[in-house]
Amino acid sequence: MRIRLVTTTAVAAVAAGALTALAAVPAQAAEYNSALKIRGIQYDAPGRDSNNCSTGNTDEEYLTIKNYSRSTTVNLKGYVVKDAAGNKFTFTASHTLQPGDYVNLRGGNGTDSDAKNVVYRDNCNFMWNNDKDTIYVYKPSGSRADVHSYTKSGSDKDGNGYITFHG
């Protein structure tokens, strides 16, 4: 049997190297293992908020989700979008995003259109808070595809109610 003596200096050097390696990896890297990401959000619809189905402006509040893959087509059926309060929308119909394609998930009622890159939540209530919120996108498997938080004062530098997350 061979006994090895390890000095405290060697242990400290190995530990420091491990910490440096961990610090180089972004903390949220595992959360973004998805072709589908949140491109941006119009969290504050222009004008005075009105969730009246016939005359309101909930359709002016939207979330843009983009397929950032170079080669994979993504079907949105089964994907779920949630906010911090638990409001949620599930894509129940097939909606295919080719590589580089996007969809605007809008409030209000309307006709979904692949040609116009739009899906309506068919709900006239606003989903996103005007001061701060967190947006979660989940894959049909239940694993997280993307997540972003925002605050009106910290994230929306020009004050127009729109924030870009991934260019």
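**Burial, pairing and contacts**

Student: Why is Glu61 called buried?
Tutor: Glu61 has a relative accessible area of 2%, and buried means under 20% relative accessible area, with exposed meaning over 50% and partly exposed in between (1.4 Å probe, protein chains only), so Glu61 counts as buried. This is a predicted model, in which local features need pLDDT of at least 70, side-chain atom pairs count only at pLDDT 80 or more, and totals for chains, interfaces and linings use all residues. Residues are numbered from 1 along each chain as its sequence is written, and side-chain values use heavy atoms, leaving out hydrogens and water.

Student: What makes Arg121 and Glu61 a salt bridge?
Tutor: The term requires a side-chain nitrogen of Lys or Arg within 4 Å of a carboxyl oxygen of Asp or Glu; the closest N and O atoms of Arg121 and Glu61 are 3.8 Å apart, and the pair therefore meets the cut-off. Arg121 lies in the loop between β8 (118-120) and β9, while Glu61 lies in the loop between β1 and β2, 60 residues apart; such strands are DSSP runs (E, at least two residues; helices are H or I, at least four), numbered from the N terminus. With a relative accessible area of 12%, Arg121 is buried as well.

Student: How many salt bridges does a search of the whole structure find?
Tutor: The search finds one.

Student: Why does Ser34 count as buried, and what does its side chain approach?
Tutor: Its relative accessibility is 12%, which falls under the limit for burial and so justifies the word. A polar atom of the Ser34 side chain lies 3.1 Å from the backbone nitrogen of Leu36. Ser34 also touches Lys139 and Ala145, not counting residues up to four places away in sequence, where contact means heavy atoms within 4.5 Å.

Student: How do you know that strands β4 and β5 pair?
Tutor: Two strands pair if DSSP finds at least two bridges between them; three bridges join β4 (residues 80-83) to β5 (residues 88-90), so this antiparallel arrangement qualifies. β4 also pairs with β9 (residues 132-138), in the antiparallel sense, over four bridges. Val81 stands opposite Phe89 in β5, and its bridge partner in β9 is Val137.

Student: What makes a set of residues a nonpolar core, and which have the most contacts inside the largest one?
Tutor: A nonpolar core is a set of buried Ala, Val, Leu, Ile, Met, Phe, Trp, Tyr and Cys residues joined through side-chain atoms within 4.5 Å. The largest has 24 residues, and those with the most contacts inside it are Ile41, Leu63, Val81, Phe91, Trp128 and Ile135. Its largest share, three residues, comes from β1.

Methods: A polar contact is a pair of N or O atoms within 3.5 Å; within protein, one must be able to donate a hydrogen and the other to accept it, and residues adjacent in sequence count only if both atoms are side-chain atoms.
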